[in-house]
Amino acid sequence: MAKIRYKLYLPIEKIKCLVESCQKGIPITYACDKAMIPAFYISRWRKELDEYLARAETDEDIDLSFIEPPYDKNGNLVYEKLNTLSLSVVIKNARANYLENLTDLLKASAKDSDAWQKYAWLLERSFRDAYSKDYQEPTSKVVESIKIVYADENTDKDRLEQLEKEVKENINGWD
């Protein structure tokens, strides 16, 4: 009876489109858009998978093979046998495989002085939690106040003449 709860009621073509997009590294919301699957399904399925795994920690009778993606003898995914839990695992695996491919490309391109940057950029943007730093707001510096004193020609004549002389000496070509 519990297995009916996790049954997929989506056309196979939509599921294939979703999985293929995830394997290419497309963010899940856009993969859902392309497959015309509401993104809240994915959230719900992820939550169901987390709950199922949490129950498996305490209940020995939980069948973990139920969440394993079904593959045929040639290693091809059998879409007809997927359930919501195994599809969640497939999506997680697709994301992990994309990360692994980017990491491999980054390592392979490290010998080339410039090529590695595109893979590092993709890693930073695609996997922010693991490869990018949190943006920090620039800190503002405290500037000490400057005391402004207005000069009076009548009372500060000597001081103004001295300042004018210093300026003329320090600026080349000033006459």
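Let's start with charge. The chain carries 27 positive and 32 negative charges, and their mean positions sit 9 Å apart. Keep in mind that this is a predicted model.

Now the overall build. How many helices and strands does the chain have? There are eight helices and zero strands. Read from one end of the sequence to the other, the pattern is α-α-α-α-α-α-α-α. The radius of gyration is 32 Å, and the globule rule gives 16 Å for 175 residues, so the chain is more spread out than a compact globule. The C-alpha trace tells you about the extents. Along the principal axes it spans about 100 × 40 × 35 Å.

Next, surface and burial. About 14000 Å² of the chain is exposed, and 51% of that comes from carbon and sulfur atoms. Of the 175 residues, 27% count as buried. On contacts, take the pairs at least 6 apart in sequence. Among those, 47% join residues at least 24 apart.

On to the cores. In soluble globular proteins, nonpolar side chains tend to be buried together. Here, the largest nonpolar core has 20 residues. Which residues have the most contacts inside it? They are Leu-8, Ile-15, Leu-18, Val-19, Leu-82 and Leu-87. Four elements give two or more residues to this core: α2 (12-23), α3 (28-35), α4 (39-58) and α5 (84-109). Helix α2 supplies the largest share, five residues.

Look at Leu-18 in particular. Set aside its neighbours within four places in sequence. Leu-18 is then in contact with Ile-28, Ala-31, Cys-32, Ala-35, Ile-37, Ile-42, Leu-87 and Ile-91. Apart from the largest core lies another one, of eight residues. Its members include Tyr-6, Ile-67, Leu-85 and Val-89.

Now some single residues. First up, Thr-103, in helix α5. Is Thr-103 buried or exposed? Its relative accessibility is 18%, so Thr-103 counts as buried, the cut-off being under 20%. Beyond its neighbours within four places in sequence, Thr-103 is in contact with Leu-123 and Tyr-131.

Then Tyr-30, which belongs to helix α3. Its relative accessible area is 54%, and the cut-off for exposed is over 50%, so Tyr-30 is exposed. Tyr-30 and Asp-59 are 29 residues apart along the chain. Their C-alpha atoms are separated by 36 Å.

Just along from there is Met-36. Where is Met-36 found? Met-36 is in the loop between α3 and α4. Most residues other than glycine have a negative phi. Met-36 is not a glycine, yet its phi is positive, about 55 degrees. Met-36 is also exposed, with a relative accessible area of 63%.

Last one, Lys-147. This residue is in the loop between α7 (128-131) and α8 (157-170). Lys-147 counts as exposed, at 73% relative accessibility. How far apart in space are Lys-147 and Asp-50? C-alpha to C-alpha, they are 64 Å apart, with their positions 97 residues apart in sequence.

To recap. The predicted chain has eight helices and zero strands, and its radius of gyration is well over the globule-rule value. The largest nonpolar core has 20 residues, with its largest share from α2. Thr-103 is buried, while Tyr-30 is exposed, as are Met-36 and Lys-147. Happy to take questions.

Notes. Residues numbered from 1 in each chain as written. Predicted model: local features only at pLDDT ≥ 70, side-chain atom pairs only at ≥ 80, totals over all residues. Heavy atoms only, no water. Core = buried A, V, L, I, M, F, W, Y, C linked by side-chain atoms within 4.5 Å. Buried < 20%, exposed > 50% of the residue type's maximum accessible area, 1.4 Å probe, protein only. Contact = heavy atoms within 4.5 Å. Rg over C-alpha atoms; globule rule 2.2 N^0.38 Å. Areas by Shrake-Rupley, 256 points an atom, 1.4 Å probe, with all protein chains shown as cover. Lys, Arg positive; Asp, Glu negative; His and termini not counted. Charge placed at Lys NZ, Arg CZ, Asp CG, Glu CD.
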